[in-house]
Amino acid sequence: MSKLPVVLGIDTGGTMTDTVLVTEDGSFVVGKAQTTPENEAIGIINSIRDAVKRWGMSVEEVAPNLKTVIYSGTIMLNRVLERKGLQHIGIITTAGFEDTLRMGRSRQAWNVLSYAERLHAVSHFHPEPLVPRNMIVGVRERILVTGVEMIPLYENEVEEAAKKLIDRGVKAIIIAFLNSWANPKHEVEAAEIVRKVAEKKGVEVSVFLSHKIAPVLGELRRLNAVVIQVYAAEPSREQFRIMEDEFKKRGFKAPLYIFTNYGTVVPPTFERLVHTINSGPAAGCVGVRNIADTYGFDYVIGTDVGGTSFDVTPIIAGQPVISPYTIVERFETAVPSLAVESIGAGTGSYLRIDPVTKSLKIGPDSAGYRIGVSWREGGVDTVTINDAMVVLGYLNPDYFLGGDIKLDKEIAEKEFRKQIAEPLGLDLYDAAWGSYTMVADDMKLHLEAIARGLGFSPENFYVISYGGGGPSMVAAYTAGLKFRGILVPEIAPAFSAWGTILSDIGVRVEKSLELYIPPLPGITPIGISEMIMRGVAELLKVKIKDISELEGIRYLLYANAIHALSSAWKELANYIEEEFRRAGLTGEIKLQPAVRMLYAGMLDDIEVGADTTEVNEEVIRKLCESFDSLFEKVYASAARSREFGYTITRAILMGYISIPKPALLEEMETEIVPKEAYKGEREIYWGGKWYTAEIYEMGLLRAGNKIEGPAVIESPASSYVVPPDYLTKLDRRRVFWLEVKK
């Protein structure tokens with residue numbers, strides 16, 4: 001080839017490791033290999049090897065030319081799921097709050113359950129805390145939410161707590177006081193005491209402060225964030241070092257970056273590494289947003305069908321939904337992330353007959369990278385959705401992963417008949433079809449619930465289907481829902497890996513605030529405005545003698561908001577600059593400020609961007625107007641409560657250093673299907689009937705080609721099923737559009 005790749009994107013999922021290599025002119029190649037949980041570097045190298053062989057090259061040939069390597073994956077998340085993180089962690093917290101982790105909050109008992117299961121208390125259970133109760137010690141201190149010291153830190157109690165925890169064998173101590181986000185003075189003092197105690201005892205103990213990791217209101221989510229940082233993220237620094245060593249052995253010179261939950265990349269030295277724990281799904285969100293921006297779509301839902309889960313991510317009013325917290329397993333953490341709603345339904349989901357009800361049960365566990373019984377070497381005994389698709393003819397047993405993995409259709413049929421069809425008294429193919437449609441219906445219900453839960457009908461949205469299983473299931477899980485359009489990118493099997501290469505080096509930092517902004521002039525009737533201002537005056541303990549003095553209260557509120565927001569953004573900017581400096585990164589740092597706001601008295605806040613960090617009354621006014629406009633698009637204009645004013649709940653700042661990103665190629669369209677793209681015919685089962693489907697090689701189709709179902713469009717990494725009565729067209733950006741024949 002004429003140009004070597006310059007960017008490598010990596011996504012390690014529970015089943016497959018995907019890689020995307022991109023050249024300067026936008027050409028790309030996708031690699032896929034089975035994930036190797038014991039050492040992810042092996043699976044990554046195998047995936048790169050699979051990619052570059054399509055260019056007739058070796059890993060060692062392309063490695064020296066790479067400028068950027070970006071990783072997203074599941075290293076940290078798996079530690080929490082498998083309870084294999086750092087042990088012997090101690091916590092020193094405010095006296096009276098020692099049971100915060102164990103008490104949790106009710107949401108943690110059901111936040112990962114399906115909507116149906118949330119209705120039944122018997123399904124609810126709290127996660128076992130990652131730090132046992134005997135490793136948590138309380139000390140007396142109290143900082144108010146205003147940042148004012150109410151009770152001084154009892155230093156002798158901190159010293160005793162440190163001695164107790166060190167004697168119990170801790171390797172790390174977390175210090176998390178109730179309102180340290182407002183004033184970290186006590187945490188800083190306690191840390192110094194702990195370090196002195198450790199030095200006297202001659203032991204090495206790492207100390208972590210909650211205000212450094214998550215300086216936001218809410219003691220449980222803040223503590224969860226720090227615990228998971230220490231338990232799951234800190235051990236990854238060594239894993240990333242091993243990964244870098246494996247890369248260097250093969251000639252890699254490019255720096256390794258880790259993808260964050262909110263769509264940027266950071267170096268492995270990033271202090272708040274917990275911000276990367278949900279990086280895989282977030283990378284898919286960035287890819288969805290890129291397509292939405294390219295096509296000018298304001299309302300989009302991305303759907304990721306993997307081997308273990310079905311992930312849904314929305315774009316509303318042209319913007320991804322940013323959640324102020326992230327659910328890690330069931331722990332709610334004060335870590336921002338792009339919103340992703342998941343259910344345990346994927347192509348590797350196990351299929352079983354419930355011994356009590358004698359009905360079919362899907363998952364929630366999965367064969368993962370072992371695929372199903374059709375792959376003998378996987379050692380799987382229970383049939384999966386993959387096996388059902390082999391039986392139905394959707395998957396080519398000789399072309400799975402381009403033929404690197406050979407599937408056995410006879411074994412799939414034998415075991416499916418034995419485990420599912422016969423116990424249900426069904427024909428083999430009806431049982432396989434029922435299993436396939438059952439998991440598709442679960443996905444469809446989840447997809448529709450997300451759309452309607454946001455206050456919209458499916459007709460408002462375009463759907464983008466991706467993931468290794470997306471193309472093979474998209475027709476089934478969108479059937480009957482009248483979306484504006486259904487898109488299947490050619491790069492769907494490695495879509496999340498592709499999403500990683502579309503971002504800049506960036507750090508997102510936040511700080512909790514509680515700033516009341518009075519209603520904008522002309523919005524509130526005079527009588528109500530006077531009542532609100534008098535109420536504020538009472539809270540401020542300011543006596544009002546004349547109505548004309550109420551404007552003075554309004555001025556004080558604006559002045560307070562300007563000072564507090566300006567100070568917060570300045571503090572966050574200093575942190576970002578220090579973080580980049582510590583990582584040895586140079587270049588122009590671009591700052592993107594934002595706030596989270598709500599109408600005074602409401603519960604749910606929305607993120608609103610700002611144009612500058614130089615705050616004045618005009619900036620505050622524009623924030624309020626932008627919030628009004630965004631609120632109307634997210635909810636409804638009738639729900640606005642502008643007359644009561646606004647509350648800024650959080651200051652946010654993103655700092656970026658740009659890195660090169662590839663541009664997608666666009667092809668000339670033609671209706672003529674190349675002869676070499678046609679691969680023959682295969683029987684497929686759909687809706688209770690057998691059909692003769694035409695088989696095509698995806699990479700050989702040209703932009704503008706239109707394929708009518710029944711058909712299967714194959715690539716080494718996926719199979720795109722076009723059912724009877726459907727057709728699909730490949731556009732100039734190599735995105736397939738699926739639609740029902742008219």
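Q: With 742 residues, what radius of gyration would a compact globule have, and what does the protein have?
A: The radius of gyration is taken over C-alpha atoms, and the globule rule is 2.2 Å times the number of residues to the power 0.38. For 742 residues this gives a value near 27 Å, and the protein has 28 Å, which agrees with a compact globule. Along its principal axes the C-alpha trace spans about 85 × 65 × 60 Å. This is a predicted model, in which local features need pLDDT of at least 70 and side-chain atom pairs count only at pLDDT 80 or more, while totals for chains, interfaces and linings use all residues. Residues are numbered from 1 along each chain as its sequence is written, and side-chain values use heavy atoms, with hydrogens and water left out.

Q: How many helices and strands does the secondary structure come to?
A: Helices (H or I, at least four residues) and strands (E, at least two) are DSSP runs numbered from the N terminus. In the protein there are 18 helices and 35 strands.

Q: What percentage of the residues count as buried?
A: Buried means under 20% relative accessible area, exposed over 50%, and partly exposed in between, with a 1.4 Å probe and protein chains only. By that reading, 57% of the 742 residues are buried.

Q: Which residues have the most contacts inside the largest nonpolar core?
A: In soluble globular proteins, nonpolar side chains tend to be buried together. A nonpolar core is a set of buried Ala, Val, Leu, Ile, Met, Phe, Trp, Tyr and Cys residues joined through side-chain atoms within 4.5 Å. The largest one here has 238 residues, and those with the most contacts inside it are Ile 174, Phe 416, Met 473 and Leu 565. Its largest share, 13 residues, comes from helix α9 (residues 219-249).

Q: What is Phe 416 in contact with, once its neighbours within four places in sequence are left aside?
A: Contact means heavy atoms within 4.5 Å. The partners of Phe 416 include Leu 351, Val 383, Asp 387, Leu 428 and Ser 435.

Q: Is helix α14 mostly covered or mostly uncovered?
A: Helix α14 (residues 470-478) is mostly covered, with 9 of its 9 residues buried; among them are Met 473 and Tyr 477. The helix is followed by Gly 480, whose phi is positive, near 85°.

Q: Where is Ser 567 placed, and what is its relative accessible area?
A: Ser 567 lies in helix α17 (residues 550-582) and is partly exposed, with a relative accessible area of 33%. Ser 567 and Thr 613 are 46 residues apart in sequence and 9.6 Å apart in space, C-alpha to C-alpha.
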